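Student: I should like a close look at a single part of this structure, together with its surroundings. Please set out its place, its backbone and its exposure, and then follow the connections through the rest of the fold.

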Amino acid sequence: MERIIRVRSLLIDRDEQSLTALGRAKEEELRKCGLIASPLFKAVCIAPMLQEQRLGYFSPSDLLIVISEEITRNSEETMRNIFLHELAHALDYNLHGVLSGHGKLFRECCAAVGVDPGFEKSHVRTSLAKNNEKKNRIRKLLALSSSPFENEAAEAIRKAKALMARDGISLDERPDRKIYMVPMYQAKRFPFFIRMLLSYISDTTGVYIVISQDERAKTAVAYGSLEETEASIYLYDYLIGEMEREIRERRRNGEHISKDSFISGAIAELSRKTSDTVSDTALTAIKAENRKMAKEIIFPDVKLRRRSAVSHGGDAESYAKGLGFGTTLSIPMSIGHKALE
């Protein structure tokens, strides 16, 4: 399971659908001319803050095309070309079994899918910077439209409209309610300690976590702001890493440890340490808002049921050892919303 934080909204979903349709149309053209026999990609995903400031990438392992959220705030031409650039990588992989970089073979793939000439990263970055400069100039001109001097106001509006028409720029900032989402855990069966851990992370960071199931596996997904979903990943990885490391060490020393009971005890102690803090009310409100937005944007036609982790009994000795470990476990202050005692 690859952890990609995705952004979802009505407009973002529309962009993903539009790019997917463009990709399928290009596939059909390539199939008709006998160039490919199988699909180039499985899905398109729009995600925030891609590593190394990438504008997009193609993942061969799962045939996923990922586009930066940054692109959706610019022109449709830019978004289209970035997508086709990544589709060219997918074609390169389909034809040659590897990603060959940005050389001759890749340029041939770009031509095959219709990438506009010269649309490489440096060109796009320069284009985005120039586009933002033009938008700022237009905003300044429109600000003068409220000038008490009638001629100045009229001239400013005229110039702003002329610039927008000449460069095809819209100042529509796409007001949109967005929610971010990231997969936390996936398996056919969720151990008890995972449910406990997910519940603690939700209470600590404010993310709303939904567990869904298909024919292959169950998947837990966290919904919230970008900062909250990032915190949920860091907190999950940190806690599970520390607790599993402790369990391995104790078992090497000959101790009998039930993983379910030990981790449940550690989480119970962490929950005690973070209970009744001044941020409880705020976190409850944050989680309620994230639940509301997830329901509106992701699950408009699905009834979400509340479920809590029910105690499974377990190994009392391992649970007590987990409680003791929880007293020594500290969480970096940069993770999550709550402070530990």
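**From a loop residue to the central strand**

Tutor: Leucine 63 is situated in the loop that links β3 (56-59) with β4 (64-68). The model is a predicted one, and its mean pLDDT is 83, with 80% of the residues at 70 or more. Although leucine 63 is not a glycine, its phi is positive, at about 50 degrees. The residue is partly exposed because its relative accessible area is 21%, whereas a buried residue would have to fall under 20%.

The setting is a protein of eleven helices and seven strands. Of its 341 residues, 44% are buried. Among contacts with a separation of 6 or more, 70% join residues that stand 24 or more positions apart.

Strand β5 shows how such covered parts are arranged. The strand spans residues 179-187, and eight of its nine residues are buried. Strand β1 (residues 6-8) pairs with β5 in the antiparallel sense through three bridges; here arginine 6 stands opposite methionine 181. Strand β7 (residues 218-224) also runs antiparallel to β5, and seven bridges join the two. One of the β7 residues, alanine 220, is the bridge partner of tyrosine 185. In a regular strand, side chains alternate between the two faces of the sheet.

Tyrosine 185 leads on to the aromatic residues. The structure contains five aromatic pairs. Tyrosine 185 and phenylalanine 190 form an edge-to-face pair, because their ring planes stand at 90 degrees, with the ring centres 5.0 Å apart. Both partners are buried: tyrosine 185 has a relative accessibility of 18%, and phenylalanine 190 has one of 5%. Phenylalanine 190 belongs to the loop between β5 and α7 (192-205). Beyond four places in sequence, the contacts of phenylalanine 190 are Tyr185, Arg195, Leu198, Ile211, Lys218, Thr219 and Ala220. Alanine 220 thus appears twice, as the bridge partner of tyrosine 185 and as a contact of phenylalanine 190. Isoleucine 211, another of these contacts, is 21 residues from phenylalanine 190 along the chain, and the two C-alpha atoms are 9.8 Å apart. A ring also takes part in a charge contact elsewhere: the charged end of arginine 24 sits over the ring of phenylalanine 41, at 3.9 Å from its centre.

Helix α8 (residues 226-252) holds threonine 229. This threonine counts as buried because its relative accessibility is 0%. Setting aside residues up to four places away, threonine 229 touches Ile5, Tyr180, Met181, Val182, Val207, Ala222, Tyr223 and Gly224. Of these, Met181 is the residue that arginine 6 faces across the pairing of β1 and β5.

The nonpolar interior comes next. Its largest core has 61 residues, of which Phe83, Met184, Tyr236, Leu239 and Met243 touch the most other members. Apart from this core lies another of twelve residues, including Met181, Tyr208, Met293 and Phe299. Beyond four places in sequence, methionine 243 touches Leu197, Phe262, Ile263, Ala266, Ile267, Phe325 and Leu329.

Past α8, isoleucine 257 occupies the loop before α9 (259-273). With 5% relative accessibility, isoleucine 257 counts as buried. Apart from neighbours within four places, isoleucine 257 is in contact with Ile247, Arg250, Arg251, Phe262, Ser318 and Lys321. Phe262 is also one of the residues touched by methionine 243. Isoleucine 247 is ten residues from isoleucine 257 along the chain, with 6.9 Å between their C-alpha atoms.

One stretch calls for caution. Over residues 337-341 pLDDT stays under 50, and the model has 24 contacts beyond four places in sequence for this segment. Where pLDDT is low, predicted coordinates should not be read in detail.

Conventions: Residues are numbered from 1 along each chain as its sequence is written. Side-chain values use heavy atoms; hydrogens and water are left out. pLDDT is the predictor's confidence in each residue, from 0 to 100. Contact means heavy atoms within 4.5 Å. Helices (H or I, at least four residues) and strands (E, at least two) are DSSP runs, numbered from the N terminus. Buried means under 20% relative accessible area, exposed over 50%, partly exposed in between (1.4 Å probe, protein chains only). Two strands pair if DSSP finds at least two bridges between them. A nonpolar core is a set of buried Ala, Val, Leu, Ile, Met, Phe, Trp, Tyr and Cys residues joined through side-chain atoms within 4.5 Å. Rings of Phe, Tyr and Trp (its six-membered ring) pair if their centres lie within 6.5 Å; planes under 30 degrees apart count as stacked, over 60 as edge-to-face and the rest as tilted. A charge sits over a ring if NZ of Lys or CZ of Arg is within 6 Å of the ring centre and within 35 degrees of the ring normal.
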